[in-house]
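Hi,

Here is the structure I promised to pass on. Have a look at it first, then read my notes below.

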Amino acid sequence: MEYRAQRAPSPVSTTRARPSFAKPVLAVLAACLMAAPAFAQVQTGYGQTTSDQGAELSGPVRLNSTNRTSQDAAQQQQQQQTGQSSQSRSPRYVPGEFEIYVNKLLGIDLKDPEVIDQLKRAESEVYESTQRTQQQSQNFTQTKMVTPDMVIRRIGADLMLDEQRGPNGEADGPRQAPADYLIGVGDEIQVTAWGSVDADLRLTVDRAGRVTIPRVGPVLVAGVRYGDLNEVVRARIAQVFKNFQVSTSLGKLRTIRVYVTGFTAKPGAYTVSSLATIVNGLIRAGGPSAAGSFRQIELRRNGQVVANFDAYDLLLKGDKASDRALQAEDVIHIGPIGPQVAVLGSVNKQSILELKPNETVDDVLAMAGGFSAVADRSRVSIEQLSERNARRLRELEFPAQLKTAVTNGDVIRVFSSVNTALPLGKQYKRVTVEGEVARPGEYVMPPTSTLQDAIAAAGGLTSQAYVFGTDFSRESVRQSQQENYDRALRDLETEFTKNSSTQRATTADEAAGNAQRAAGTERLVARLRAVRPTGRVVLQLESDARALPTLTVEDGDRLLIPSKPTTVGVFGSVFNAGSFLLQSNASVDDVMKLAGGPTRGADASGAFVIRANGTVVSARQSSSGWLGFGSNLAGLPALPGDTVFVPEQMNKSTFIQDAKDWTQILANFGLGIAALQTIKN
């Protein structure tokens, strides 16, 4: 209406000069009037001026805070700089003297530089590849690899290691503020209003404890409970506006400074979140040191002890009731460590524990997680350093001695029920029967059962069973074979190494030959290393046997009764290696003829026959027949399932080489006779 009034023609405009002057003036005035609302809004946005006329405009009133974008960027940059300067890696955990002693009982010397190096490598990303490389290079060298999981530590030590912290020092990340949280200087408050007022504000509490809302004014919020903050802000805005809704929340929280003192890895002052608790402060300082206590931690405020914190309540029971919230200038004091005991063996968590007065063996076992599934629950052993000059080691019977008091330095061992084998006369055995039986499968046999009992449990033999070829494997025999085989292979490697190191080459051809022989030796050792014993036990049966011998079975035994084969195999240095149909009354010599006999390069004197029952008959056991300067294989009857092997002759020499050697021998012999003749003359 004001613009239209200015545009209205004047009744006294009778000259032509006035209209020409009034038009530009009216145009400028109209432009200023149209730009006035925008100008008022800009001025309000910067918090410099306000206008009552804006309240009379149609639509909600927009309340803008100061330039939030630039402030957020500045705050974020400052926090990143603070975070980079405050973040530092937690100090490496240093074990105490009792921890070193306990680990040494398990064969882990934490003072050994090699063990320390292994533990350091375990924390790096290349540990697995390094371990594989070492195992490949060591071959059969029994070097024990120590990993952090094998080291026995104090309960709680893992909680304080390698903790990642945020830019404000929080060790636990952002979380919701409780209703009783007190607003303080530096907290950021987010205010959202809708209805007759449109607001989306982020306000920081100043040093006077206030926040300033545009067009409303300052609001005192310091000391207000977070649960009451929304009502306080709503009441203040209601003094200016009506018909609106408001919601408040906390944005970025202030940081406070606390002190961690006593027996800690890094004593000093720390900046933590205003929501931090005692646990957060302990983690920031790296936790108690090897001489510090997890159970005697005090929270001191204004020179008074306001809380006592036992970390075992949180670590072992999940009870966080004693974990109090921190305030600015609080002191967390860690006391010296109390009596310690170690629990080893069949418990759920092998560990080193700190004691409080009057705690017993039962309490210690409960703190270690109780017995494992395979533990012997009837007894434990306890080694007491206090009796090192006397008995020192004794056994406790359960449950009668569960309440036995423990002292500083005790080592409790819980026995396993599976590591110690019962006598064979008391063990029930799991036996596998396969092949030509009525019901193949696994069977649980009584303690005194035999192989015949196992066959009977499987329903007996079928008509096609070939008892002579029974494959009987035993796990205990396989383990013994593997140990002996590894020992023999190590001795063989040592002998090869000695021979290679003592060989001398005078010419290039000899050096090349030595290198070729060394390479061949390495290939041979690699192939031998790939061989794994099967644990087969040779049953000395007759070829027409119909029953197994009376042999007591063991746990894990395996019986395989094959069907009767109809062929005999011939392999090695023969003209036509393969399997041949066995004829009645045929001998090994007859089977060799079917394969064409030995080749020119064959070592016929070293031929041997592997019987189906696992026995071996060699041609060198006696001398008769045509098979290589006489052997007992010529008249040896062939049995179903036999395997005849003719090896290749090693260290072959040509006729020219033999003639050369004999010529040299005869020449030396002739020179010797000539010399004797000369001496005689």
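Before we get to the helices, one term: two residues are in contact when they have heavy atoms within 4.5 Å of each other. Keep in mind, too, that this is a predicted model.

With that in hand, go to helix 13, residues 475-502. Its 28 residues reach 41 Å from the first C-alpha to the last, close to the 40 Å expected at 1.5 Å a residue. Which residues of helix 13 are buried? They are Q482, D486, L489 and E493, and these pack against helix 14 (508-530). If the spacing of those numbers looks odd to you, here's a handy rule: an α-helix has 3.6 residues a turn, so residues three or four places apart point the same way.

Next, find the open sheet of five strands, with the order 13-12-16-14-15 and mixed pairing. Strand 13 (351-354) and strand 15 (393-397) are the edge strands, each pairing on one side only. From one strand to the next, the twist averages 25°. Inside the sheet, strand 14 (residues 375-383) and strand 16 (residues 411-416) are antiparallel partners, joined over five bridges; I382 stands opposite I412 in strand 16. Helix 5 (residues 97-105) lies across strands 12, 13, 14 and 16, and runs at about 20° to strand 12.

As for the whole protein, there are 16 helices and 26 strands. Of its 681 residues, 35% are buried. The protein exposes about 40,300 Å², with carbon and sulfur atoms supplying 53% of that.

Cheers

Note on methods:
Residues are numbered from 1 along each chain as its sequence is written. This is a predicted model: local features need pLDDT of at least 70, side-chain atom pairs count only at pLDDT 80 or more; totals for chains, interfaces and linings use all residues. Side-chain values use heavy atoms; hydrogens and water are left out. Helices (H or I, at least four residues) and strands (E, at least two) are DSSP runs, numbered from the N terminus. The expected span of a helix is 1.5 Å times one less than its number of residues. Buried means under 20% relative accessible area, exposed over 50%, partly exposed in between (1.4 Å probe, protein chains only). Accessible areas come from the Shrake-Rupley method with a 1.4 Å probe; for residues, only the protein chains shown count as cover. Two strands pair if DSSP finds at least two bridges between them. Axes are lines fitted to C-alpha atoms, for helices over the stretch in contact, and angles run from 0 to 180 degrees between N-to-C directions.
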